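Me: Can you walk me through a structure? I'd like to keep it to a few short questions.

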Amino acid sequence: MDYLNIFAETVADYMLKENLTAKAFAERTGVAATAVGYWLKRQIFPIVESAIKVADCLQCSLDYLFGLSENPAYTPGSGNGHFLDRFNSLCAARKTTYYRVSKDAHIAHSAITKWVKGRYIKIESLIKLATYFDVSLDYLVGRSDAK
């Protein structure tokens, strides 16, 4: 599935519906206008924080933004979830290791090592994890408590 294309189309549709320029959309969401331009040209994925800002603006789930769900609705969480805590909890529940996740989900082990050290996770990896663990993107990033 072409997640970047779906994201870009969803953003472009919203901008058209609201009659917004890229700059106006950027201001509304609190992201850089240059980033919006790159997204619309399908050149880069948004960083997780920007994707969350877009989802908040569109009042939809991250799963909807990237085509993992046809339903835009999501249930806001308590705000207590943190990606690494959720990732570790999912690994423990499945009784699996970081190494096994990296192999099975096709994510570089070095990326997982970086997350553990506090580095950010890329949307592409987040999508792979959500699919692997059969949970929502919103759950993984702590935006929702519903899996």
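Reply: Below are some notes on cysteines, one helix and aromatic rings.
Reply: This is a predicted model, where local features need pLDDT of at least 70, side-chain atom pairs count only at pLDDT 80 or more, and totals for chains, interfaces and linings use all residues. Residues are numbered from 1 along each chain as its sequence is written, and side-chain values use heavy atoms, leaving out hydrogens and water.

Me: How many disulfides does a search of the whole structure find?
Reply: The search finds 0 disulfides, a disulfide being a pair of cysteine sulfur atoms within 2.5 Å.

Me: Why no bond for Cys57?
Reply: The closest cysteine sulfur, in Cys60, is 9.1 Å from the sulfur of Cys57, which is too far for a bond.

Me: New topic. Which residues of helix H7 are buried?
Reply: Val101, Ser102 and Ala105 are buried in H7, residues 98–105. Buried means under 20% relative accessible area, with exposed over 50% and partly exposed in between, using a 1.4 Å probe and protein chains only. Helices are DSSP runs (H or I, at least four residues), numbered from the N terminus.

Me: What do they pack against?
Reply: The buried residues of H7 pack against helices H6 (83–94), H8 (109–116) and H9 (123–133), with contact meaning heavy atoms within 4.5 Å.

Me: And charges over rings: where does the charged end of Arg86 sit?
Reply: Over the ring of Tyr139, 4.2 Å from its centre. The charged end of Arg143 sits over the ring of Tyr74, 3.8 Å from its centre. The rule asks for NZ of Lys or CZ of Arg within 6 Å of the ring centre and within 35 degrees of the ring normal.

Notes. Helix = DSSP H or I, 4+ residues; strand = E, 2+ residues; numbered from the N terminus.
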